[in-house]
Amino acid sequence: MSENSRDNAAGFYYITEKMADRLTQLQDAVNSLADQFCNAIGVLQQCAPPASFSNIQTAINRDQPANPTEEYAQLFAALIARTAKDVDVLIDSLPSEESTAALQAASLRQLEEENHEAAARLEEVVYRGDMLLEKIQSALADIAQSQLRTRNGAPSQPSPAES
């Protein structure tokens, strides 16, 4: 197997692995949504006041303390809405049907090209940094030699680099 085909295979594995991770997240979010619906229905059934058909019973229910059913309804509505938004985001992050293997390979080639360009720029910056470091070290060595000569009382002589 050539190095290029190994790189393409590794890139394809990365894309499918990343997609599988999104699919797992999507499956988990849908399962969570189903759990929230079941819990919401169960809690609302448990806490809901009995239905009444007479005007007298309605007047009696108004005098009773507030029922936590409304709070539960708002809580579950918020949880379900948030999870539904998460599901939408995960669905939007999946590759489209138009994303074929050829398009993915072209995208990988473009990313590899950008990577090589960035690597070349980095090498140039490192080279210039090394050159600058050598100049600084040379200047520091000259300064150190000048200070040693001054302390020893010897007259300062220009270094060969200064000539």
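In what I am about to show, a nonpolar patch is a group of residues with over 30% relative accessible area and no salt bridge, whose nonpolar side chains are joined within 5 Å. With that in mind, please look at Leu132, Ile136, Leu140 and Ile143, which form such a patch on the surface and together have about 380 Å² of accessible area. One of them, leucine 140, is found in helix H4, and it counts as exposed because its relative accessibility is 53%, where the cut-off for exposed is over 50%.

Before I go on, I should say plainly that this is a predicted model, and so we ought to ask where the confidence is highest and where it is lowest. Helix H4, residues 101-152, has the highest confidence, with a mean of 93, whereas helix H2, residues 55-63, has the lowest, with a mean of 54. Over residues 1-16 the pLDDT is below 50, although in the model this stretch does have 10 contacts beyond near neighbours in sequence. For the protein chain as a whole the average pLDDT is 78, and 69% of the residues score at least 70.

Let me now turn to the overall layout. The protein chain contains 4 helices and 0 strands, so that, reading from the N terminus on, the order of its elements is α-α-α-α. Of its 163 residues, 10% count as buried, and the accessible surface comes to about 13200 Å², with 58% of that belonging to carbon and sulfur atoms. If we take the contacts between residues at least 6 apart in sequence, 78% of them join residues that are at least 24 apart.

What does such a contact look like when we go down to single residues? Isoleucine 80, which is found in helix H3, is a useful place to begin, and it counts as buried because its relative accessible area is 16%, when buried means under 20%. Leaving aside its neighbours within four places in sequence, isoleucine 80 is in contact with Leu33, Gln36, Phe37 and Ala40. Isoleucine 80 also lies 9.0 Å from alanine 34, C-alpha to C-alpha, while the two are 46 residues apart in sequence.

Threonine 83 is in helix H3 as well, and with a relative accessible area of 9% it is buried too. Setting aside the neighbours within four places in sequence, the residues in contact with threonine 83 are Ala29, Ser32, Leu33 and Gln36, so if you compare the two lists you will find Leu33 and Gln36 in both.

My last topic is charge. Side chains of opposite charge can pair when their charged atoms come close. How many salt bridges are there in this model? The count comes to 2.

In one of these, the side chains of aspartate 86 and arginine 82 meet at 3.4 Å, N to O. Because they are 4 residues apart in helix H3, residues 69-93, these two are separated by about one helical turn. Aspartate 86 counts as partly exposed, at 29% relative accessibility, whereas arginine 82, at 51%, counts as exposed.

The other salt bridge is formed by arginine 128 with glutamate 124, whose closest N and O atoms are 3.5 Å apart. Both of these residues lie in helix H4, again 4 residues apart, which is about one turn of the helix, and glutamate 124 is partly exposed, with a relative accessible area of 41%.

Technical notes
Residues are numbered from 1 along each chain as its sequence is written. This is a predicted model: local features need pLDDT of at least 70, side-chain atom pairs count only at pLDDT 80 or more; totals for chains, interfaces and linings use all residues. Side-chain values use heavy atoms; hydrogens and water are left out. pLDDT is the predictor's confidence in each residue, from 0 to 100. Contact means heavy atoms within 4.5 Å. Buried means under 20% relative accessible area, exposed over 50%, partly exposed in between (1.4 Å probe, protein chains only). Accessible areas come from the Shrake-Rupley method with a 1.4 Å probe; for residues, only the protein chains shown count as cover. Patches are made of residues with over 30% relative accessible area and no salt bridge: like charges are joined within 9 Å, nonpolar side chains (Val, Leu, Ile, Met, Phe, Trp, Tyr) within 5 Å. A salt bridge is a side-chain nitrogen of Lys or Arg within 4 Å of a carboxyl oxygen of Asp or Glu.
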